[in-house]
Amino acid sequence: MISGRIKFYSLLLSAFGAGYSWLIYNLWYQTGNEHSSFTVCFIKNTTNIPCPSCGSTRSVLSILQRDFISALYFNPLGYLIFAALLIFPVWILFDLFLEKNTFWDFYHKMEIRLKKPYVAIPLLVLLLINWIWNIYKGI
Amino acid sequence: MDASKVDLFIMTNGKFFESHQLPIIRERLLELDDSKWNTVQILQFKDPTTSLIVSLLGGSLGIDRFIIGDTGKGIGKLLTCGGFGIWAIIDWFMIQGATREKNILKFQEALAY
């Protein structure tokens with residue numbers, strides 16, 4: 001059980017590390033207000049249709065520049081990702097150093113809660129609306 | 001439990017588990033009481049092949065992870081365009097093993113009561 005927790009934490013930490021490197025790369029290559037058009041999204045590269053989370057990099061970059069309205073325009077999910085990037089790595093490191101399981105327990109509780117139909121279906125509908133909006137905007 | 005019943009279970013459900021887990025499952029079932037046969041027989045497992053197909057088609061949206069019950073990782077994949085496309089490709093190879101792991105967990109949970 002403990003080794004599973006450590007494996008899970010290191011996986012998440014490397015994912016957040018990749019996220020931060022991606023952000024730094026984008027900040028580096030950003031000229032003025034223009035965002036780079038390079039995308040790694042598999043769906044967008046193959047079908048030219050944006051996926052539900054396309055535009056979230058631009059959204060997070062806009063939040064960093066305190067441009068909250070265009071962040072909302074690019075992708076509202078950017079706020080969620082920004083919050084996750086801020087809170088979760090600190091939480092995981094806190095857990096690792098103090099040898100606690102608070103994040104591990106939280107994750108499993110959230111998984112059970114999110115599987116309930118009255119939570120899952122509204123979230124799915126919201127996501128679909130966001131996706132349709134994304135395609136409409138042509139992000 | 002009767003050896004023939006155990007063999008029947010292994011024959012019908014063998015593909016849902018890792019091959020190295022099959023001897024353990026067999027041992028476990030042989031120790032069980034016959035009254036548990038109904039509980040064991042009605043267990044529904046996720047098919048690794050199905051999750052592979054879903055992973056190939058909808059892996060970038062995390063649908064494969066949602067289907068096997070890994071909601072948290074599914075959300076992670078969904079929010080990052082399939083982990084920048086890399087995780088989606090890794091999961092083409094990992095998802096069958098992950099499905100089998102979920103199946104053995106389900107099997108153990110069902111027998112725990």
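User: Where in chain A does Asn45(A) lie, and is Asn45(A) buried or exposed?

Analyst: In this predicted model, Asn45(A) belongs to helix H2 of chain A, which covers residues 42–47. Burial is read here from the number of C-beta atoms around a residue, with 12 or fewer within 10 Å meaning exposed. Asn45(A) has 11 C-beta neighbours inside 10 Å and therefore counts as exposed. As for its position relative to Tyr73(A), which is 28 residues away along the chain, the two C-alpha atoms are separated by 21 Å.

User: What is the overall make-up of chain A, in helices and strands?

Analyst: Chain A contains 7 helices and 0 strands, so that its pattern along the sequence reads α-α-α-α-α-α-α by the DSSP runs that define the elements. Its C-alpha trace spans about 45 × 40 × 30 Å along the principal axes, and buried residues make up 19% of its 139 residues. Of the contacts in chain A with a separation of 6 or more, 49% are accounted for by residues 24 or more positions apart.

User: How should I read a helix such as H5(A), and where does H5(A) bend?

Analyst: An α-helix has 3.6 residues a turn, so residues three or four places apart point the same way. Helix H5 of chain A, residues 77–98, has 22 residues and reaches 31 Å from its first C-alpha to its last, close to the 32 Å expected at 1.5 Å a residue. H5(A) nevertheless bends by about 25 degrees, and the bend is at Ala84(A). After the helix comes Glu99(A), whose phi is positive, near 55 degrees.

User: Which residues of H5(A) are buried, and what do the buried residues of H5(A) pack against?

Analyst: Leu77(A), Gly78(A) and Ile81(A) are buried in H5(A). The buried residues of this helix pack against H3 (56–64), H4 (68–74) and H7 (117–137) of chain A, together with H6 of chain B.

User: How many residues of each chain are in contact between chain B and chain A, and which helix gives the largest share of the side of chain B that touches chain A?

Analyst: The size of an interface is often given as the accessible area lost when the parts come together. Here the description is by residue contacts, with 14 residues of chain B in contact with 20 residues of chain A. On the side of chain B that touches chain A, helix H6 (71–79) and helix H7 (81–84) each supply at least two residues, and the largest share, 5 residues, comes from H6(B). By class, that side of chain B divides into 6 nonpolar, 8 polar and no charged residues.

User: How many helices and strands are there in chain B, and at what angle do H1(B) and H2(B) pack?

Analyst: Chain B has 8 helices and 0 strands, its C-alpha atoms fill a box of roughly 50 × 25 × 20 Å along the principal axes, and buried residues make up 31% of its 113 residues. Among its contacts between residues at least 6 apart in sequence, 62% join residues at least 24 apart. Helix H1 (residues 3–13) and helix H2 (residues 22–31) of chain B pack at an angle of about 145 degrees, with their axes 10 Å apart, and H1(B) passes H2(B) in a right-handed crossing. H1(B) contributes Ala3(B), Val6(B), Phe9(B) and Ile10(B) to the contact, while H2(B) contributes Leu22(B), Arg26(B), Leu29(B) and Leu30(B). By class, this contact has 7 nonpolar, no polar and 1 charged residues.

Terms used
Residues are numbered from 1 along each chain as its sequence is written. Chains are lettered from A and ligands numbered from 1 in the order in which they are written. This is a predicted model: local features need pLDDT of at least 70, side-chain atom pairs count only at pLDDT 80 or more; totals for chains, interfaces and linings use all residues. Axes are lines fitted to C-alpha atoms, for helices over the stretch in contact, and angles run from 0 to 180 degrees between N-to-C directions. Helices (H or I, at least four residues) and strands (E, at least two) are DSSP runs, numbered from the N terminus. A crossing is left-handed if the near helix is turned anticlockwise from the far one by less than a right angle, and right-handed if clockwise. Two residues are in contact if their C-beta atoms, placed from the backbone, lie within 7 Å. Ala, Val, Leu, Ile, Met, Phe, Trp, Tyr, Cys and Pro count as nonpolar, Asp, Glu, Lys and Arg as charged, and the others, Gly among them, as polar. A residue is buried if 20 or more other C-beta atoms lie within 10 Å of its own, exposed if 12 or fewer, and partly exposed in between; C-beta atoms are placed from the backbone. The expected span of a helix is 1.5 Å times one less than its number of residues. The bend at a residue is the angle between axes fitted to the seven residues ending there and the seven starting there.
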